[in-house]
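Biologist: Before I rely on any label attached to this model, I would like to hear the reasoning behind it. Could you take me through the labels one at a time?

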Amino acid sequence: MKLNLTKVVNGCRLGKIQNLGKTGDHTMDIPGCLLYTKTGSAPHLTQHTLHNIHGVPAMAQLTLSSLAEHHEVFAEYKKGVGNFIGMPESLLYCSLHDPVSPCPSGYVTNKSVSVWGGGGRVEMTVSKFMAIQQALQPDWFQSLSDGEASCEEAISIKRARKSVDRTLLFLDSCLRLQEESEVLQKSSIIGVIEGGDVMEERLRSARETAKRPVSGFLLDGFQGNPTTLETRLQLLSLVTAELPEDKPRLICGVSRPDEVLECIERGVDLFESFFPYLVTERGCALTFNFDYQPNPEETLLQQNGIQEEIKYEDQIKKIKTTGCNQKMTSFEINLKEKKYREDFSPLVKECSCYCCKNHTRAYIHHLLVTNELLAGVLLMIHNFEHYFGFFHSIREALKSDTLAQLKELIRRQASGELGNTNLTLH
Amino acid sequence: MAAGAAVPTSLESAPRIMRLVAECSRSRARAGELRLPHGPVATPVFMPVGTQATMKGITTEQLDALGCRICLGNTYHLGLRPGPELIQKANGLHGFMNWPHNLLTDSGGFQMVSLVALSEVTEEGVRFRSPYDGEETLLSPERSVEIQNSLGSDIIMQLDDVVSSTVTGPRVEEAMHRSVRWLDRCIAAHRQPDKQNLFAIIQGGLDADLRATCLEEMTKRDVPGFAIGGLSGGESKVQFWKMVALSTSKLPKDKPRYLMGVGYATDLVVCVALGCDMFDCVYPTRTARFGSALVPTGQLQLKKKQYEKDFGPIDPECSCPTCKRHSRAFLHTLLHSDNTAALHHLTVHNIAYQLQLMSAIRASIVEKRFPDFVCSFMNTMYGDQTLCPPWATEALASVGITLS
C-alpha cells in the first residue's frame, strides 16, 4: 500500500491510500471513515439496503469483540471473514474492541488481553490473537494492545508506562508471528499508540512504534466524553508529529463531527463511523448542515433567522436534557417528538438517500412509535449517507482551502448557536 | 332476523376483477389474474402481512424486488396508530408507506376479538377499549368501511362477526346471520366501489349447514370477491379442509376465493387444489424473526448449533438475495448477535420462499401438470408421498388427486 498526500493544510492531511487489498487495486481517500459493523454486518442493513447508500467507504471495520468467540468457525471455513460475511469486495480492518461498548478494565495481563462478545469474555494471548487473525484474514488489523490506561479516570504514570511497554511487547510478538505465517503476509498490522495522558509515555510509544515495520498507527485512548477529548487534543498533536507522514493514522472512539474536525487538524486520517449508529439507536436523524457554501439568499435568511433561533436555544436545551435523550447532540433531530407526526417532508430536504427520496418524517415517526424494525433500517441508511457526505465535504473543503468555513459551520451547530436549520420555528 | 327482511341494494355493476387463465382438469385448482387498481396480480397468490404499514424490517423496494404485488395492512392497528385521518393526509396507505402495488386491508374484526380482552359484540358493532389510550370505541360495519376508505386499499374486507372455530352452539349461527347483515351494511356504506373492491367473508364455523346457508345468502350479493373466514383457528385439519371444500364448491367460479389466515406450505398446496386463489398469513414473516428459515423440506431453526459450520445457503435452489450471498453459518452467527440484519435476511428469504412456491404452483396449473406437482411437493416435504398427513391426502383425494 502507498499513501500519497495531495496536500497538507494547517495540519490536515488530504490524500489517497492506494494499492490496497489482496489484489492491490483498492483506493481509500483520506481524511475518511470506515464502515461500522456489528458481527460483520452494517447495523440493521442487508447487502441490498447497504447498497442503497451512496458513498459507502471502501473499508469496513470489524470488531474482534464480536468475532473472536467464533474463531473455530472461521478456522474451519478457511476462506476469510470477508467471504464469510458476504462482503468479498470490501477492504476490512479488524479492531480489538467495539467503540460502542465500553470494555471493563482490569483484564489485561502481561500475557493476554480480553474482549467481550455475546457469549462472554474471550481471553487472548498473542498466539491466540494471531491464530484468530489468520482465520479472519483481514486486510488490516490492529496489533494486540493494552488500552486500559484510557478506561480509568486518573491514570498513574506507572500504569501509563506499563500500557506502552506491554503494547510494544505485544506488537513485536505479533510481527514475529506474522513473519512465520504465509496467510498473514497479505494482511497489514496497525501499531497502537498508548500512554494515557502522560506526555513522555505517549511520545515514547509513538517513537518506538514508528521504529517497527507497521503499516499504520492507531491512536488509542483519546476517546471519552467531549471534555476529555479537548484536554487530550494537545497531546494528540504532539503524538502525530512523531509519526511518519507516509503511513495512515487511525483513531478509535472518536466519531462526532466536531471532534472529527479537531482530530483531522491534528494529523488524523481515518475514523470509525459509529456515531451515525448511535444516533439511529436513539431514534434520531442526522440533520446537521455541512454545506458551507450555501447560496447568498440562504445566508441572508439564516442571518435574519439567528435572532429568532437564539430565543429558542433555551427551549431546545430543555427538550434535550429532559427525558431519555440526554446524549442527543445538536447535530440531529428526534423523530419520536410529536411535532413530526404530521410532517410529510423528508428527514433532510436536499438529501438524496433512499430514506429521504422515499419516505417522510411522519412515516419514520409512526415506525418509531409502533416500535417497528423498519425505523432502524431507514434511519441507519440516512444517517450513514449523511455522515459519509460530511466526510466528502471535508475532503472538498481541503481541496479548495475552505476548511475554516466548514469548521465554523460545524462549531456553530455543535454549540446550538446556529440552531438546527431543520428545526421548525414557531 | 326474519328471512323476509328487505333485500339490500347490491352492486349490479360490481367489477369482475378475476380473469381465469387455466384450470386443472382434475382438481379445482385455477390459475388466474386479478385486475386491481394498482396493477395485475397473478393467482394463486400469497399475500405477506405488513400489519402497521411496514413489512417488518424490509423496505418496499426489497418487497417489490421479490415480486410481491399485493400485501396486507391491518385496519385495527392502523385505525389506532396513526389513525385514518393522518393516513388520508398522507395520500392513503399507499402514500404513507410508499407502496406502489396493491394493498388489502382486513376489517379489524379479527383483531377485535383476538387481541382485545374486553370487547363486546352487539348488533351495532364491536365495542372495545384502545390499549394505547384507554378510549372506548365502537367498530361498526360503517366505521370499518369508513376507515378502509381513508386507507385507500385496493381490496377491503367486510366487518364480520368473528367467532373462534372451536366455539359451538347458537353463537355460531348468530354470528353467521349477523355477518350477512353486516355485509349489507358494508356494501351500503362503501363510498368508493370503483376504487376499492369490497369482499364478503363466508362464516358459519364448522357447521356444514350454517356455512351452506351463509354461502347461499352472501353469493346473492354482487361483490367482486369472497373470502372464506372463520377457519385457520384451533379447529382440526379434517374439519378445516371440509369447510374449505364446501365453500369453494358453492362460490362462483368467476370471482376470486380468498382463504384467510392460511400460510403453511402444505396447506397452501392443498387449498389451491380445493379451489382457493388468495392467501395471507403472518407465519412466514413471524417465524423469520424467530430465526426460522422455510425450505422445501420444512424449516431450519438456524440458531441451532448444527448450523454453526454449515457453509451452504439456506436453500441452494432459492434465488433470493439472502441465499445468493449468505451461508447458514453466517446467519447462525448473526442471529446470535444483536444486529437486526439477521432478521431481515430471513424475512427476505421466507417471503421469497412463499412467493416462489406460489409461482411454481401456478406454472404447474398453466402447464397442466398440477397433480404431478402436488405429488412431487409432498414427496419432498414428507420424504415420501405416503407420509403426507392423512387430512391432506383425503382432501386431495376428494378433488381427484391421489398420492401414490
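Biologist: Why is B:K89 called exposed?

Modeller: In this predicted model, B:K89 has a relative accessible area of 52%, and because exposed means over 50%, the label applies to B:K89.

Biologist: What makes A:E342 and B:K89 a salt bridge, and where do the two residues lie?

Modeller: The closest N and O atoms of A:E342 and B:K89 are 2.8 Å apart, and since the rule asks for a side-chain nitrogen of Lys or Arg within 4 Å of a carboxyl oxygen of Asp or Glu, the pair qualifies. It crosses between chains, running from the loop between β15 (332–334) and α12 of chain A, where A:E342 sits, to helix α3 (residues 84–89) of chain B, which holds B:K89. A:E342 itself counts as partly exposed, at 40% relative accessibility, because that label covers values between the 20% and 50% limits.

Biologist: How many salt bridges cross the interface of chain A and chain B, and what else describes that contact?

Modeller: The rule finds 6 salt bridges across the interface, one of which joins B:K309 to A:E76 with the closest N and O atoms 3.5 Å apart. On the side of chain A that touches chain B, at least two residues each come from α1 (47–51), α3 (71–77), α12 (354–358), α13 (361–369) and α14, and the largest share, 5 residues, is supplied by α13(A). The contact takes 41 residues from chain A and 39 residues from chain B, and the two chains bury about 3,500 Å² between them, with 60% of it on carbon and sulfur atoms.

Biologist: What makes A:R207 and A:E242 a pair that ties separate parts together?

Modeller: Their closest N and O atoms are 2.8 Å apart, which is within the 4 Å limit for a salt bridge. A:R207 lies in helix α7 (residues 199–211) of chain A, whereas A:E242 lies in the loop between α8 (226–241) and β12 (249–251) of that chain, so the pair links parts that are 35 residues apart in sequence. A:R207 is partly exposed at 43%, and A:E242 is partly exposed as well, at 28%.

Biologist: Which residues form the salt bridge between a loop and strand β2 of chain B, and are they buried or exposed?

Modeller: The side chains of B:D277 and B:R30 meet at 2.8 Å, N to O, and both residues are buried. B:D277 is in the loop between α10 (265–273) and β14 (278–281), while B:R30 is in strand β2 (residues 30–36), so this pair ties together parts that are 247 residues apart in sequence.

Biologist: How do you know that A:E385 has no salt bridge?

Modeller: The nearest side chain of opposite charge, A:K357, is 8.3 Å away from A:E385, and because a salt bridge requires 4 Å or less, the buried A:E385 has none. A:E385, found in helix α14 (residues 374–399) of chain A, does make a polar contact with the side chain of A:H54 at 2.6 Å, and among the residues it touches are A:N52, A:I53 and A:S352.

Biologist: Where in chain A is the pLDDT below 50?

Modeller: Chain A averages a pLDDT of 90, with 88% of the residues scoring at least 70. Over residues 301–326 of chain A, however, the pLDDT is below 50, and the value is also below 50 over residues 421–426 of chain A. Where pLDDT is low, the predicted coordinates should not be read in detail.

Definitions and conventions. Residues are numbered from 1 along each chain as its sequence is written. Chains are lettered from A and ligands numbered from 1 in the order in which they are written. This is a predicted model: local features need pLDDT of at least 70, side-chain atom pairs count only at pLDDT 80 or more; totals for chains, interfaces and linings use all residues. Side-chain values use heavy atoms; hydrogens and water are left out. pLDDT is the predictor's confidence in each residue, from 0 to 100. Contact means heavy atoms within 4.5 Å. Helices (H or I, at least four residues) and strands (E, at least two) are DSSP runs, numbered from the N terminus. Buried means under 20% relative accessible area, exposed over 50%, partly exposed in between (1.4 Å probe, protein chains only). Lys and Arg count as positive and Asp and Glu as negative; His and the chain ends are not counted. A polar contact is a pair of N or O atoms within 3.5 Å; within protein, one must be able to donate a hydrogen and the other to accept it, and residues adjacent in sequence count only if both atoms are side-chain atoms. Buried area is the accessible area (1.4 Å probe) that two parts lose on being put together, summed over both. Lists of a residue's contacts leave out its neighbours within four places in sequence.
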